[in-house]
Amino acid sequence: MLTRRAAAACEVAAWWAALTGLWLVLVQTVDVLECCVGAGAALLAALVARAARLAAVRP
């Protein structure tokens with residue numbers, strides 16, 4: 001059984017991977033700067049997605 005921190009890390013990592021993959025598919029030119037910006041934006045969006053899910057679940 002995963003601890004809460006491990007479950008949270010897995011959830012954020014899954015969101016990050018999906019959003020980074022989507023970014024790379026949608027961007028036309030893939031260079032180092034684009035990859036860094038996409039990964040950073042995806043990490044921020046993954047954290048926001050987790051926070052939104054937790055806010056929706058709490059009574």
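Is Arg53 buried, partly exposed or exposed? Arg53 counts as partly exposed, at 38% relative accessibility. The model behind these views is predicted.

**View 1. Arg53 and Glu11 meet in a salt bridge.** The closest N and O atoms of this pair are 2.7 Å apart. Arg53 lies in helix H2 and Glu11 in helix H1, so the salt bridge ties together parts of the chain that are 42 residues apart in sequence. The two ends differ in cover. Glu11 is buried, with a relative accessible area of 17%. That value falls under the 20% cut-off for a buried residue. Arg53, at 38%, is partly exposed.

**View 2. Arg50 also forms a salt bridge with Glu11.** Here the N to O distance is 2.6 Å. This pair, too, links distant parts of the chain: Arg50 sits in helix H2, Glu11 in helix H1, and 39 residues separate them. Both partners, Arg50 and Glu11, are buried.

**View 3. Glu11, Arg50 and Arg53 form one salt-bridge network.** Glu11 is buried at 17% relative accessible area. Salt bridges with shared partners join Glu11, Arg50 and Arg53 into a single network. The structure holds 2 salt bridges. Glu11 pairs with Arg50 in one and with Arg53 in the other.

**View 4. Thr20 is a buried residue of helix H1.** Its relative accessible area is 13%. A polar atom of the Thr20 side chain lies 2.8 Å from the backbone oxygen of Trp16. What does Thr20 touch beyond its neighbours within four places in sequence? Thr20 is in contact with Gly38, Ala39 and Ala42.

**View 5. Trp23 is a partly exposed residue of helix H1.** Trp23 has a relative accessibility of 31%. Leaving out residues up to four places away in sequence, Trp23 touches Glu34, Val37 and Gly38. Cys35 is 12 residues from Trp23 in sequence. In space, the two C-alpha atoms are 8.5 Å apart.

**View 6. Five side chains make a nonpolar surface patch.** The patch covers about 450 Å². Its members are Trp23, Leu24, Val30, Leu33 and Val37. Which helices each supply at least two residues of the patch? Helix H1 (4-26) and helix H2 (32-57) do. Leu24 belongs to helix H1 and is partly exposed, at 36% relative accessible area. Trp23, also in helix H1, is partly exposed at 31%. Both values pass the patch cut-off of over 30%. Within the patch, Trp23 touches Val37.

**View 7. Cys35 and Cys36 are not joined by a disulfide.** A disulfide is a covalent bond between the sulfur atoms of two cysteines. How many disulfides does the structure hold? The count is 0. Cys35 is in no disulfide, and the nearest cysteine sulfur, that of Cys36, is 6.9 Å away. Why is there no bond between Cys36 and Cys35? Their sulfurs are 6.9 Å apart, which is too far for a bond. The cut-off for a disulfide is 2.5 Å. Cys35 itself is partly exposed, with a relative accessible area of 32%.

Key. Residues numbered from 1 in each chain as written. Predicted model: local features only at pLDDT ≥ 70, side-chain atom pairs only at ≥ 80, totals over all residues. Heavy atoms only, no water. Patch = residues over 30% accessible without salt bridge, like charges linked within 9 Å, V, L, I, M, F, W, Y side chains within 5 Å. Areas by Shrake-Rupley, 256 points an atom, 1.4 Å probe, with all protein chains shown as cover. Salt bridge = Lys/Arg side-chain N within 4 Å of Asp/Glu carboxyl O. Helix = DSSP H or I, 4+ residues; strand = E, 2+ residues; numbered from the N terminus. Buried < 20%, exposed > 50% of the residue type's maximum accessible area, 1.4 Å probe, protein only. Polar contact = N/O pair within 3.5 Å; in protein donor to acceptor, adjacent residues only side chain to side chain. Contact = heavy atoms within 4.5 Å.
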